[in-house]
Amino acid sequence: MQRTSAKALTEVSVPLVCLTDVRKTFPLPGGAPLVAVNDVSLSVAAGTAVALTGPSGSGKSTLLHLIGAVERSDGGTIDVDGQRVTGLSGSALAAYRRRIGFVFQRFHLLPTLTALDNVMAPLIPFRTVFDKAARARELLAMVGLADRSAALPSRLSGGQQQRVAIARALINRPAVLLADEPTGNLDSQTGTAIVDLLLRLRDEHATTLIMATHDTGIAARCDRVVQMRDGCLTSLDG
Ligand SMILES: Nc1ncnc2c1ncn2[C@@H]1O[C@H](COP(=O)(O)OP(=O)(O)OP(=O)(O)O)[C@@H](O)[C@H]1O
Ligand SMILES: [Mg+2]
């Protein structure tokens, strides 16, 4: 398989997200380690929506986890918004994670908290200069759920739960929104509405979006489509 060189994958403009030769391996019992992300280099300009596609097991989720510093890479460098992410630890790492929004396929809302409290949850341990509840209400309104702020997740549809999760991911005004198959658990109409919302965030708030998806229709709506196979980037548009 032909691999595109790292140089060819790098854009000319100053990128918001810049990966250089990023590598992640997982130990396998009694054998060679599994290379989940294999020397990936990728630059993403601010305000771009990137679809990350590729077959199951190709490394999409792992790559998103590395960018969000949920997992630590074994090699290479990751820079986000001018900050070197690789090598961060302790409070600097925690502060970085708060600057990244993450949306998951399975929503991961806290079942005993209302929609409003779920949106505020990432801020609960922290002092803020703004009113947390007011900001959470503003975000719920933005995702079209102003009237459901008191509802528990079990009283919300899948699409509504995902909208709460998106509002939660935005509570810290993230530089980058990472979404791991955000429509994977939704019917196609609801999925389309969620993608509409994510692309509206790009248009209205210049949010940079990196979204793993198996849906070619959704990928085509993004500014760029990046394809992974066996841990490598195999093609990249735009
Ligand atoms: N914590 C882990 N320990 C061991 N292996 C892992 C771990 N996480 C992922 N892997 C392996 O790394 C490879 C890439 O997995 P990853 O979840 O990133 O793929 P993916 O492209 O997101 O797949 P899918 O489309 O099914 O979500 C797979 O072979 C997977 O089994
Ligand atoms: Mg995945």
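Okay, let's start right at the ligand: a polar side-chain atom of Lys-60 sits 2.7 Å from an oxygen atom of ligand 1. I'm calling that a polar contact, meaning a pair of N or O atoms within 3.5 Å; within protein, one must be able to donate a hydrogen and the other to accept it, and residues adjacent in sequence count only if both atoms are side-chain atoms.

Before I go on, some housekeeping. This is a predicted model, where local features need pLDDT of at least 70 and side-chain atom pairs count only at pLDDT 80 or more, while totals for chains, interfaces and linings use all residues. Residues are numbered from 1 along each chain as its sequence is written, chains are lettered from A and ligands numbered from 1 in the order in which they are written, and side-chain values use heavy atoms, with hydrogens and water left out.

Back to ligand 1. Ser-61 has a side-chain N or O atom 2.8 Å from an oxygen atom of the ligand, and for His-214 the corresponding distance to a ligand oxygen is 2.7 Å. On its own, ligand 1 would expose 630 Å², and the protein buries 62% of that; these areas come from the Shrake-Rupley method with a 1.4 Å probe, and for residues only the protein chains shown count as cover. Which elements give two or more residues to the shell around the ligand? They are β2 (34–45) and α1, with helices (H or I, at least four residues) and strands (E, at least two) taken as DSSP runs, numbered from the N terminus. The largest share, 3 residues, comes from α1.

In total, 13 residues surround ligand 1, and the closest are Ser-56, Gly-57, Lys-60, Thr-62 and His-214. To be in that shell, a residue needs a heavy atom within 4 Å of the ligand. By class we get 4 nonpolar, 7 polar and 2 charged residues. Here Ala, Val, Leu, Ile, Met, Phe, Trp, Tyr, Cys and Pro count as nonpolar, Asp, Glu, Lys and Arg as charged, and the others, Gly among them, as polar.

So what about α1 itself: how many of its residues are buried? The helix covers residues 60–67, and 7 of its 8 residues are buried. Buried is under 20% relative accessible area, exposed is over 50%, and partly exposed is in between, using a 1.4 Å probe and protein chains only. Lys-60 and Thr-62 are among the buried ones, and so is His-65. After the helix comes Ala-69, whose phi is positive, near 60°.

Thr-62 also leads us over to Phe-26, in strand β1 (residues 15–26). Phe-26 touches Thr-62, and also Pro-33, Leu-34, Ala-36 and Glu-71, not counting residues up to four places away in sequence; contact here means heavy atoms within 4.5 Å. Phe-26 counts as partly exposed because its relative accessibility is 27%.

Now the inside. A nonpolar core is a set of buried Ala, Val, Leu, Ile, Met, Phe, Trp, Tyr and Cys residues joined through side-chain atoms within 4.5 Å. The largest one has 40 residues, and those touching the most other members include Val-119, Leu-140 and Val-164. Several elements each supply at least two residues, among them β3 (49–53), α5 (158–169) and α6 (188–205). It's α6 that gives the most, with 6 residues. Apart from this core lies another, of 31 residues, including Val-22 and Val-226.

Let's stay with helix α5, where we find Gln-161 and Gln-162. Gln-161 counts as buried because it has 17% relative accessibility. A polar atom of its side chain lies 3.1 Å from the backbone oxygen of Leu-156. Gln-162 is buried too, because its relative accessibility is 0%. Its side chain has a polar atom 2.8 Å from the backbone oxygen of Pro-182. Leaving aside neighbours within four places in sequence, the contacts of Gln-161 include Phe-107, and those of Gln-162 include Phe-107 as well.

That brings me to Phe-107, in the loop between β6 (100–103) and α3. Buried or exposed? Phe-107 is buried, because its relative accessibility is 9%. Its phi is near 60°, a positive value in a residue other than glycine. Most residues other than glycine have a negative phi. Arg-173, in the loop between α5 and β7, also has a positive phi, near 45°. Arg-173 is exposed, because its relative accessible area is 59%.
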